[in-house]
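Visitor: Could you take me on a close look at the salt bridges here, and then show me how the parts around them fit together? I work at the bench, so please go residue by residue.

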Amino acid sequence: MKIKNSIALLTLLLFFVNFLTGCGKAENYGAAISNRKITKVEDILRNPDAYKGKTVTIKGKIANECSTGCWFDIKDGDVVIYNNIEPAGFAIPQKSGHTALVEGKVVVEDGKPKISGTGVEVR
């Protein structure tokens, strides 16, 4: 009985150590995020011409993602913006529901703002 209790305790301890060391660890894709000042997606959508061609960093949940990870939507509160990372030459694994920081240029096509991402940090 002592051996079973010791094995159970050791297993539980290993689980918690593994859990704690993995929490909060960021996964980085593409270029490193150089600007940590967050621009609200709502501000970009409200006035796209003010941000057109500018490099911004946005933060939100990955709401929808291409099966190959080359584009995804970022949801910041109630608003969503499309982010394309394919032109930068990288993709991310499936991370729907995770929080992400995205740095990239604001592109306006047909009056709709989008992000051409150069770097992504996922938590």
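Guide: Happy to, and let's start with Glu42, which counts as partly exposed because its relative accessible area is 40%, between the limits of 20% and 50%. Please keep in mind throughout that this is a predicted model.

Glu42 has a partner in Arg46: the two form a salt bridge, and their closest N and O atoms are 3.0 Å apart. Both residues belong to helix H2, where a spacing of 4 residues puts them about one turn of the helix apart. Arg46 has a relative accessible area of 57%, over the 50% limit, so Arg46 is exposed. This pair therefore joins a partly exposed residue, Glu42, to an exposed one, Arg46. As a general point, side chains of opposite charge can pair when their charged atoms come close.

How many salt bridges does a search of the whole structure find? The count is 6, and two further examples are worth a stop.

One of them pairs Glu109 with Lys114, with 3.1 Å between the closest N and O atoms. Glu109 is partly exposed at 40% relative accessibility, and Lys114 is also partly exposed, at 24%. Residue 109 closes strand E5, which runs 99-109, and residue 114 falls within strand E6, 112-122. In the loop between E5 and E6 you will find Asp110. Its phi is near 55°, a positive value in a residue other than glycine. For comparison, most residues other than glycine have a negative phi. Asp110 counts as exposed because its relative accessibility of 80% is over 50%.

The other example is the pair Arg123 and Glu121, whose side chains meet in a salt bridge with an N to O distance of 3.7 Å. Here the two partners fall into separate classes: Arg123 is partly exposed at 48%, whereas Glu121 is buried, because its 6% is under the 20% limit. The pair also belongs to a network, in which salt bridges that share partners join Arg36, Glu121 and Arg123.

Now let's step inside. H2, E5 and E6 are among the elements that give two or more residues to the largest nonpolar core, together with strands E2 (55-65) and E3 (71-76). That core has 19 residues, and the ones with the most contacts inside it are Ile58, Phe72, Ile74, Ile92, Val102, Ile115 and Val120. E5 supplies the largest share, 4 residues.

Phe72 makes a good viewpoint here. Setting aside neighbours within four places in sequence, Phe72 touches Ile62, Asn64, Glu65, Ile81, Tyr82, Asn83, Ile85, Ile92, Val102 and Val120. Of these, Ile92, Val102 and Val120 also appear among the core residues with the most contacts.

Strand E2 also holds Lys59, which is partly exposed with a relative accessible area of 44%. Beyond its neighbours within four places in sequence, Lys59 is in contact with Ile38, Ile74, Asp76, Thr99, Ala100 and Leu101. Lys59 and Lys40 are 19 residues apart in sequence, yet their C-alpha atoms are 7.6 Å apart in space.

What about the cysteines? There are 0 disulfides. Cys66 is in none, and the nearest cysteine sulfur, that of Cys70, is 3.4 Å away. Because the limit for a disulfide is 2.5 Å, a pair of sulfurs at 3.4 Å does not qualify. Cys66 is buried at 12% relative accessible area, and Cys70 is buried at 13%.

To place all this in the whole protein, picture 3 helices and 6 strands, running α-β-α-α-β-β-β-β-β from the N terminus on. Of the 123 residues, 31% count as buried. Among contacts with a separation of 6 or more, 61% link residues 24 or more positions apart. On the outside, the protein exposes about 7800 Å², with carbon and sulfur atoms supplying 57% of that area.

Key. Residues are numbered from 1 along each chain as its sequence is written. This is a predicted model: local features need pLDDT of at least 70, side-chain atom pairs count only at pLDDT 80 or more; totals for chains, interfaces and linings use all residues. Side-chain values use heavy atoms; hydrogens and water are left out. A nonpolar core is a set of buried Ala, Val, Leu, Ile, Met, Phe, Trp, Tyr and Cys residues joined through side-chain atoms within 4.5 Å. Buried means under 20% relative accessible area, exposed over 50%, partly exposed in between (1.4 Å probe, protein chains only). Contact means heavy atoms within 4.5 Å. A salt bridge is a side-chain nitrogen of Lys or Arg within 4 Å of a carboxyl oxygen of Asp or Glu. Accessible areas come from the Shrake-Rupley method with a 1.4 Å probe; for residues, only the protein chains shown count as cover.
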